[in-house]
Amino acid sequence: MGIDTAADERLAERLAELRVERGWTLEELARRADVSRSTLSRVERAEVSPTAALLGRLCAVYGRSMSRLLAEVEAAPARLVRAGDQRIWRDEATGYVRRSVSPPHGSLRAEVIEGRLPAGADIAYDKPCDTGREHHLWVLDGLLSMTVDGTEHRLEAGDCLRFTAETSRFHCPGPAGARYALVVVEP
């Protein structure tokens with residue numbers, strides 16, 4: 001599973017483009033996303049890779065899903081995506097690894113994502129990317145504590161949770177990591 005650093009550079013470029021398209025300064029984006037200006041500047045210059053939580057905030061501000069944003073920095077997806085060609089993104093701060101199993105495409109409404117959280121990892125999304133988006137979370141291995149709009153669900157291997165959410169939190173209590181499939185369906 002190779003991590004594409006060129007993808008981080010394309011992501012930084014796209015985030016800067018989105019801000020400029022809206023005519024926002026870094027200060028305006030910082031206010032809207034509740035993130036420091038210096039952090040946003042470093043992300044847009046590809047000096048640091050954004051965390052999953054930070055990408056979630058930016059996606060909410062820009063009205064995009066994280067998958068859609070990541071797809072915007074990729075070429076048009078092929079019909080068949082071999083395992084070795086699936087895009088992988090890592091949140092270095094939490095150890096979260098996200099594999100885009102079936103990359104999103106403008107003509108399709110659903111996508112499949114594989115997520116891996118190490119024991120103890122905790123990722124909170126405090127703003128919705130797009131209300132009405134349906135999620136199906138299927139735990140493949142391990143234990144996952146999933147909080148959706150304030151209600152916690154303890155999921156074990158084989159369990160599936162369907163939800164739409166304003167806020168969500170993924171937590172892997174351990175002792176081992178958790179692996180799950182997430183199917184995201186556009187409204």
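**Strands, sheets and aromatic pairs in a predicted model**

Strand β8 presents two contrasting faces: L161 and F163 lie on the covered face, while C160 and R162 lie on the uncovered one. The model that shows this arrangement is predicted. The partner of β8 is strand β5 (residues 134-141), and the two pair in the antiparallel sense over four bridges. One residue of the uncovered face takes part in this pairing, since R162 in β8 is the bridge partner of H136.

The confidence of the prediction may be described next. The mean pLDDT of the protein chain is 87, and 90% of its residues reach 70 or more. Among the elements of the chain, strand β7 (residues 151-156) has the highest mean pLDDT, at 97, whereas helix α5 (residues 66-72) has the lowest, at 78. Where pLDDT is low, the predicted coordinates should not be read in detail.

Strand β8 belongs to an open sheet of six strands, in which the order is β1-β2-β3-β10-β5-β8 and the pairing is antiparallel. At the edges of this sheet stand β1 and β8 (160-163), each of which pairs on one side only. Direction ignored, neighbouring strands of the sheet are turned by 20° against each other on average.

At the β1 edge of the sheet, strand β1 (residues 87-91) is joined to strand β2 (residues 96-102) by five bridges in the antiparallel sense. Within this pair, W89 has R98 in β2 as its bridge partner. The hairpin formed by β1 and β2 has four residues between the strands, and G95 takes a positive phi near 85° there. Strand β2 is also joined to strand β3 (residues 110-117), again by five bridges, and these two strands run antiparallel. Here the bridge partner of S102 is V112 in β3.

A second open sheet contains four strands in the order β4-β9-β6-β7, with antiparallel pairing. Strands β4 (122-125) and β7 each have a single partner strand, so one side of each is left without a neighbour in the sheet. From one strand to the next, the twist averages 15°. Inside this sheet, strand β6 (residues 143-148) and strand β9 (residues 168-171) run antiparallel and are joined by four bridges. Across this pairing, S145 stands opposite H171 in β9.

Aromatic contacts were examined next. A search of the whole structure finds four aromatic pairs. The ring centres of W24 and Y62 are 5.8 Å apart and the ring planes stand at 15°; the pair is therefore stacked. This pair links distant parts of the chain, 38 residues apart: W24 lies in the loop between α1 (5-21) and α2 (26-33), and Y62 lies in helix α4 (residues 52-62). With a relative accessible area of 14%, W24 is buried, and Y62, with a relative accessible area of 5%, is buried as well. Because buried means under 20% relative accessible area, both values place these residues in that class. The face of W24 also has a charged residue over it, namely R22, at 5.8 Å from the ring centre.

A further pair involves W89, the residue described above as the partner of R98. The rings of W89 and Y96 form an edge-to-face pair, with 6.4 Å from centre to centre and 70° between the planes. Both residues are buried: W89 has a relative accessible area of 7%, and Y96 has a relative accessibility of 4%. Elsewhere, Y125, F170 and Y180 are linked by ring pairs into a cluster.

The helical part of the chain carries an annotation. According to UniProt, in an unreviewed entry, the feature "domain: HTH cro/C1-type" is placed at residues 15-69. In the model, this span is 69% helix and 0% strand, and its end C-alpha atoms lie 9 Å apart. Within the numbered range is E44, which has its place in helix α3 (residues 37-44). At 14% relative accessibility, E44 counts as buried. The C-alpha atom of E44 is separated by 9.6 Å from that of R10, although the two residues are 34 residues apart along the chain.

Definitions and conventions:
Residues are numbered from 1 along each chain as its sequence is written. This is a predicted model: local features need pLDDT of at least 70, side-chain atom pairs count only at pLDDT 80 or more; totals for chains, interfaces and linings use all residues. Side-chain values use heavy atoms; hydrogens and water are left out. pLDDT is the predictor's confidence in each residue, from 0 to 100. Two strands pair if DSSP finds at least two bridges between them. Axes are lines fitted to C-alpha atoms, for helices over the stretch in contact, and angles run from 0 to 180 degrees between N-to-C directions. Rings of Phe, Tyr and Trp (its six-membered ring) pair if their centres lie within 6.5 Å; planes under 30 degrees apart count as stacked, over 60 as edge-to-face and the rest as tilted. Buried means under 20% relative accessible area, exposed over 50%, partly exposed in between (1.4 Å probe, protein chains only). A charge sits over a ring if NZ of Lys or CZ of Arg is within 6 Å of the ring centre and within 35 degrees of the ring normal. UniProt positions are given in the numbering used here, feature names are shortened, and annotations may be inferred rather than shown by experiment.
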